[in-house]
Amino acid sequence: MKEYTRTSAEFIDACRIYLKAGNGGDGAASFRREKFIPFGGPDGGHGGKGGDIWFEATSNVTTLSEVAFHPHITVPDASPGGGNKCDGAKSEDKTVYVPIGTVIKRDGRIIADLKENGQRFLAAKGGRGGRGNTAFKTQFNTAPRISEKGEPGECFEVILELSILADVGLIGFPNAGKSTLLSTVSAARPKIADYPFTTISPNIGMVSHKGKTFAMADIPGLIEGAHEGKGLGDVFLRHILRTKLLIHLVDPQGFQDTPPENAIKIIENELKSFSPILARKKIIIAVTKADLPEAEKTYKKLKARYRKRDVFLISSAASKGINQLLDKIIKTLPEIKQEDAYKTEEKQKTIAPEVKKGLILKRDPDGIMRVEGEKILKIVAMTNFSQLDSWDRLRRIFKVIGLDKALKKAGIAEGNIVRIGNREFEWSDEPLPSRKPGKFAYKYRNREREEYKKRMKE
Ligand SMILES: Nc1nc2c(ncn2[C@@H]2O[C@H](COP(=O)(O)OP(=O)(O)OP(=O)(O)O)[C@@H](O)[C@H]2O)c(=O)[nH]1
Ligand SMILES: [Mg+2]
């Protein structure tokens, strides 16, 4: 679980959260009863719509800590319908505020990438309200005792990952002077000290140079084996995935036993192990601490070794070479086309089409037949089993959508159990009771058949 470790008390850049959108309200089955109005007819109202869960990117928050400490996001259920054609109230939508640059993943797929302030994404849909018995009134059944239950709201788990948006990323061994450079060129004030791993979470600053502005990010230092979790590991590399350009800062004093000229290879290997996107990024080399005597020698060595690349010599303390480096950055940035680090996949793709529309028959480990399919699960969940007529209607639906046929084909026998969602049904081959005798019975069923066939096709 390397990815989801908390990185510091204030800065959390990845978390897992649970979403449960509001259930729709139940529809009502009631009849108009008024003095002097005999046979008042059905007047049951519909249930309200369950609230949705939205994500919104905002510049007001910079970490996911608020969300991570309250990982269960639930929306209350909508109110049920009532008599006298009163529809239930909908429940309020909920918005989760996340920092700009938050990527939302469901089942390992990216479903949203919120890159702009105010960008919103509908993550979990609330259920629709169940219909009251007014909706089931037909020419042939003028007093239906049928009402639907509310549709359940969507319920699933998502992983949020923050990947900050910056144009330029600073990389290098610990203590190389990354934070010092960021603090000299921008208004950011990261912690700076003479020991490795001073920076433990990414910092971002806006740099203005010759009328051009760009964002620069400073991440914790890398060491050899960071991709295996050494030092602070490579988890922070995610934050430079969206940069256009990297500046590799090299300390002329080297880092511990590693001489400065070996730094380039080691760090670039770490980038490669993390992601091919990082391996393809343009990197400018800058030897830091030019005020120290050994800097000149290191600079010459690197310049000779990497002849085709840009090598700079800078000093944040003595303000040397900084302007040349910034000139190079603003000249290079417009030439680079940013690679899309996070490709959003359609949310619908998470559910296979056959599961969505049709019926799938499976056997549970205990040998009992189970029926799966998004639509059929919804129909069962919305059936009010306390009403005999609803129960009859469900049996007709099963027949119309071909469940009866499919079960017979699979070899079901009298008295066998069939599971659908969290309900169990006993199979019987007895014909459905004909509720309306005479020629109307046929017409009546036919109408229903067409209606459900149409709805199943949607
Ligand atoms: N002489 C000199 N010292 C510098 C210069 N830039 C940074 N330093 C010093 O180098 C040390 C480390 O600087 P930081 O900016 O904290 O280094 P860092 O790369 O951010 O280090 P980590 O956050 O630990 O990865 C500090 O003591 C700085 O004062 C420079 O241009 N000249
Ligand atoms: Mg630092």
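Which handedness does the β-α-β unit made by strand 13, helix 5 and strand 14 have? In this predicted model, only local features with pLDDT of at least 70 are described, side-chain atom pairs count only at pLDDT 80 or more, and totals for chains, interfaces and linings use all residues. Residues are numbered from 1 along each chain as its sequence is written, while chains are lettered from A and ligands numbered from 1 in the order in which they are written.

The unit formed by strand 13, helix 5 (residues 295-305) and strand 14 is right-handed. The term applies if, with the strands pointing away from the viewer, the path from the first strand over the helix to the second runs clockwise. Helices (H or I, at least four residues) and strands (E, at least two) are DSSP runs, numbered from the N terminus.

Strand 13 (residues 282-287) runs parallel to strand 12 (residues 245-250), and six bridges join them; two strands pair if DSSP finds at least two bridges between them. Val-250 has Val-287 of strand 13 as its bridge partner. Strand 13 also pairs with strand 14 (residues 311-313), again in the parallel sense, over three bridges. Here Ile-285 is matched with Val-311 of strand 14.

After strand 14 comes a loop leading to helix 6, and Lys-320 is found in it. Lys-320 counts as partly exposed because it has 15 C-beta neighbours inside 10 Å; a residue is buried if 20 or more other C-beta atoms lie within 10 Å of its own, exposed if 12 or fewer, and partly exposed in between, with C-beta atoms placed from the backbone. Leaving aside residues up to four places away in sequence, Lys-320 touches Ala-290, Ile-314 and Ser-315 (contact: C-beta atoms, placed from the backbone, within 7 Å). Lys-320 and Lys-289 are 31 residues apart along the chain, and their C-alpha atoms are separated by 9.1 Å.

Let us turn to helix 2. Helix 2 (residues 178-185) is largely enclosed by the rest of the structure, because six of its eight residues are buried. These are Lys-178, Ser-179, Thr-180, Leu-181, Leu-182 and Val-185. They pack against several elements, including strand 9 (168-171), strand 12 and helix 6 (322-332).

Gly-373 sits in the loop between strand 16 (369-372) and helix 8 (374-381). With 20 C-beta neighbours inside 10 Å, Gly-373 counts as buried. From C-alpha to C-alpha, Gly-373 and Ala-290 are 67 Å apart in space, with their positions 83 residues apart in sequence.

Terms used:
Two residues are in contact if their C-beta atoms, placed from the backbone, lie within 7 Å.
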